[in-house]
Amino acid sequence: MYRTFSVIPAWFRHLELPNIKRLIRCVNLCIQLSFSTAPKKNRMPADADIEQGYNHPKDVELETKLSVASVANPINQHTSSNDTKANAAFRSELSERHKQISNTLQGLIGNKGIGSKKIKLEFSDIEVKIGPRKLLKGITASAHPGQVLSIMGPSGSGKTTLLNSLAGRIKTSNGKILLNGRPPVKAMKRYIAYVLQDEMFFGTMTVREVMYFTARIRLPESMKDEEKIGRADEIMTLLGIGKCCDSIVGTPFQRGISGGERKRLNIAVQLITWPSLILLDEPTSGLDSSTSLDLLLTLKELAKNGCTVITTIHQPSSAVFNLFDNLLVLADGHTFYYGNAEGVVERFNERGFLCPRTYNPGDFVLELAKSKAVTDAMFTANNATGGVIDPSVHARKPGQMDHTMTKKASLGSITEKTLSKGEEMKEVSISTDSADLQTDWNDSFASSWTTQFKALLTRAFIVKKHSAFDNVDMFQVVVIALIVGLVWFRQGNSEDAIQDRFGLVFFIGVFWAFFPMFQSIMTFPTERAILLRERAQGAYRLSAYYTSKVVAEIPLNVINPSLFILICYYMAGVNDDPRVFFSFWFTLILNVETSAALGMLISASQTNIKKALVAASILILFSMLIAGFYVNSDNIPTWLRWIEWLSYLKYTFGSLATQVFNPDLEFSCGSPSQYSVCQDGNNGPITGTDVLEVQGVANLPLVYPVVLMGIYAFARISTYFVLFYRYKPKVQ
């Protein structure tokens, strides 16, 4: 602290002359600065300075200004006292908030901690190549239960690549990854959480719906539904997303939660199961420093209860940096530093790289890792290790920090250390002996098939209903139905109207093939990332997912075509017989479901939307051309006539035509007439059977819907197998 030294008499300081007052303040400032002790150049703060808090130059300047102002104006002394009280209240409020995080987690996790399934992760000589380029060049480190391992480095240094390698998302060209001393097995994925930078969610679902779905699907069957919902609510409150729980996540066309809230939701869905190993890719990106500190304190508390935490982080604040146990710094794919986070400044000071006293240690080490001159010098001088390795990180026992191995600071003490205020240490023993590490892994799903189906059905219905009840789509259907009804308005029963009625039947069949198919094309490309992530986590069976999706879409696919038929059927006068109306409606719904199933098959086969649209267009146009409307089947060359049976629209058109043009429907003869019943002096009438014969439509009213059902079943079963083989999670 600077000494306050005033040589100006009090009676002189209270003169009303402004110029004299300014002179007094300048003299006081000069005298105070002359008595201050100048810090040594490049001096690093001592341990005592860190505990008690050392002054930033801006703080010194502000303190000096306040001292001068208080001397010049006694009223400011009262204001300074109020500020001190407010500051004390602020410290107390911050401390209480962080203690609340600790208490909430302790209440959620309980006295048993994360559980017996603790994971020690070790990796050595990790190398990753993409073509001729090496992204990682022999990275070696380890993470233990009870520790937070932070991975830092400049952009492009390989942080995310390393994390993907540890998660098994990409293959390594060299090196070993061991979990509890053994190579990873498939069953371990249920105990590992991987939080990506930008996770995909169904944008039309609310935060509450996302959390409740995750809780029901991933928590064990032994837990009651109320307990699952309660845990989801508590985690939302813990991560500060409870206030936005009824807001949708958001889509490109609908505004939802903010980027920071989306990031915390991303973490919340992974914390539902209390994973034994958490991998986080830049979890604080997009968050303010206060929220970032709360998040790291939460991760610190999870680690304290037996979880292993590995996180990449970009530009941590000084408070966040103080929470790291071990630090791995990457530079151009090399290990630039690995060791105790608290010792990083000291280690680089020993090598002649002095950290300015006003620098955040995290910023300091990132600046060094970004410097080409420094990295060249480091890797040349430390060829054997590839960087600075802190020897204490190998000497320490796993799960211990601050060289006291069984003592872990509570969140309150961590907070108070940040605020330069002491706190008692809390005893928490984390055993990482080889006997306590999990070696047998349960590969069964947490929930039963029925529970998964119910939860997935609810989600599928929520997602699908937004497109089924979309205002734009419904407006489109109503407008087209009105246009159809007006163009074919109340057709007569003369021979001239026969071809018009055929055209109406064909148009309705083709329109309700295009509409559902192109809607289904967008299904899997948009859901692919979500499906792969959830399958990689072992959240549910693919059969439960696919069955629930099909069941949810069947009733919702009925809404728009039913609305269309109700408007245009009687307006156009298709056939006034009520029995024909219901059979016509059933066939149209069957056509819609078959088209949607074929669209879903194309969507699952082609992850590229443009290619999927091209494939769907070819299928529809091919089916239209040979369906029997544009070209009579008798006019197709004999050797090519068989191809018409490959058109699924032929069965739709044939079924609709045989229902409308039944024997009870009669038409009056025209002049001249192409029907035999109207020739040679006969005056008809022309029946529906006569029309089908002339138009070349086989009168098979029962065969057409049965074949459509067969095509529908084939498309659904084929889609499942395509999903099974093409949408396998990329976990090594």
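**Entry 1: a buried acid**

I started at Glu 534, which is buried, with a relative accessible area of 5%. A note to myself before going on: this is a predicted model. I then asked which side chain Glu 534 meets in a salt bridge. The partner turned out to be Arg 459, at 2.8 Å from N to O. Glu 534 sits in helix H20 (residues 523-536) and Arg 459 in helix H17 (residues 449-468), so this pair ties together parts that lie 75 residues apart in sequence. Next I looked up whether Arg 459 is buried or exposed. Arg 459 is buried, at a relative accessible area of 6%. The cut-off for buried is under 20%, so I can file both Glu 534 and Arg 459 under that heading.

**Entry 2: a pair inside one helix**

I moved on to helix H21, residues 542-556. Here Lys 549 and Glu 553 form a salt bridge through their side chains, with 3.8 Å from N to O. How far apart in the helix are these two residues? They are four residues apart, about one turn of H21. I checked their accessibility as well: Lys 549 counts as buried at 8%, and Glu 553 is buried at 5%.

**Entry 3: the three-stranded sheet**

I turned to the sheets and took the open one with three strands, whose order is S2-S1-S4 and whose pairing is antiparallel. Which strands stand at the edges? They are S2 (133-143) and S4 (174-179); each has a single partner strand, so one side of each is left without a neighbour in the sheet. On average, neighbouring strands here are turned by 20° against each other, direction ignored.

I followed the pairing of S1 (residues 121-130) with S2, which is antiparallel and runs over eight bridges. Within that pairing, Lys 129 has Lys 134 of S2 as its bridge partner. Helix H6 packs on this sheet and touches S1, S2 and S4, with its direction at about 120° to that of S1.

I stayed with Lys 134, since its side chain also makes a salt bridge, with Glu 127, at 3.4 Å from N to O. The two ends of this pair fall into separate classes: Lys 134 is partly exposed, at 33% relative accessible area, whereas Glu 127 is buried, at 18%.

**Entry 4: the seven-stranded sheet**

The next sheet I traced is also open, with seven strands in the order S5-S6-S7-S3-S8-S9-S10 and mixed pairing. Its edges are S5 (192-195) and S10 (388-389), each with a single partner strand, so each has one side without a neighbour in the sheet.

At the S10 end, I looked up how many bridges join S9 to S10. There are two, and the strands run parallel; S9 covers residues 334-340. Tyr 338 has Ile 389 in S10 as its bridge partner. Helix H13 (residues 361-370) packs on this sheet, where it touches S3, S8 and S9, and its direction makes about 30° with that of S8.

I met helix H6 again here. H6 (residues 159-166) lies across S3 (148-152), S5, S6 (277-281), S7 (308-312) and S8 (326-331), and runs at about 150° to S6. My margin note reads: H6 lies across strands of this sheet and packs on the three-stranded one too.

**Entry 5: a patch on the surface**

I went looking for nonpolar surface and found a patch of about 390 Å², made by Phe 475, Val 479, Ile 483 and Val 487. I picked out Ile 483, which is found in helix H18, residues 471-487. Its relative accessibility is 48%, so Ile 483 counts as partly exposed.

**Entry 6: whole-protein tallies**

I closed the session with the totals. How many salt bridges are there? The count comes to 16. One group to revisit is a network of salt bridges that links Arg 208, Asp 233 and Asp 246.

The protein has 27 helices and 14 strands. Of its 732 residues, 50% count as buried. The accessible surface comes to about 34900 Å², and carbon and sulfur atoms hold 57% of this area. Last, I noted the contacts: among those with a separation of 6 or more, 76% are between residues 24 or more positions apart.

Definitions and conventions
Residues numbered from 1 in each chain as written. Predicted model: local features only at pLDDT ≥ 70, side-chain atom pairs only at ≥ 80, totals over all residues. Heavy atoms only, no water. Patch = residues over 30% accessible without salt bridge, like charges linked within 9 Å, V, L, I, M, F, W, Y side chains within 5 Å. Areas by Shrake-Rupley, 256 points an atom, 1.4 Å probe, with all protein chains shown as cover. Salt bridge = Lys/Arg side-chain N within 4 Å of Asp/Glu carboxyl O. Buried < 20%, exposed > 50% of the residue type's maximum accessible area, 1.4 Å probe, protein only. Pairing = 2+ DSSP bridges. Contact = heavy atoms within 4.5 Å. Axes fitted to C-alpha atoms, helices over the stretch in contact; angles between N-to-C directions.
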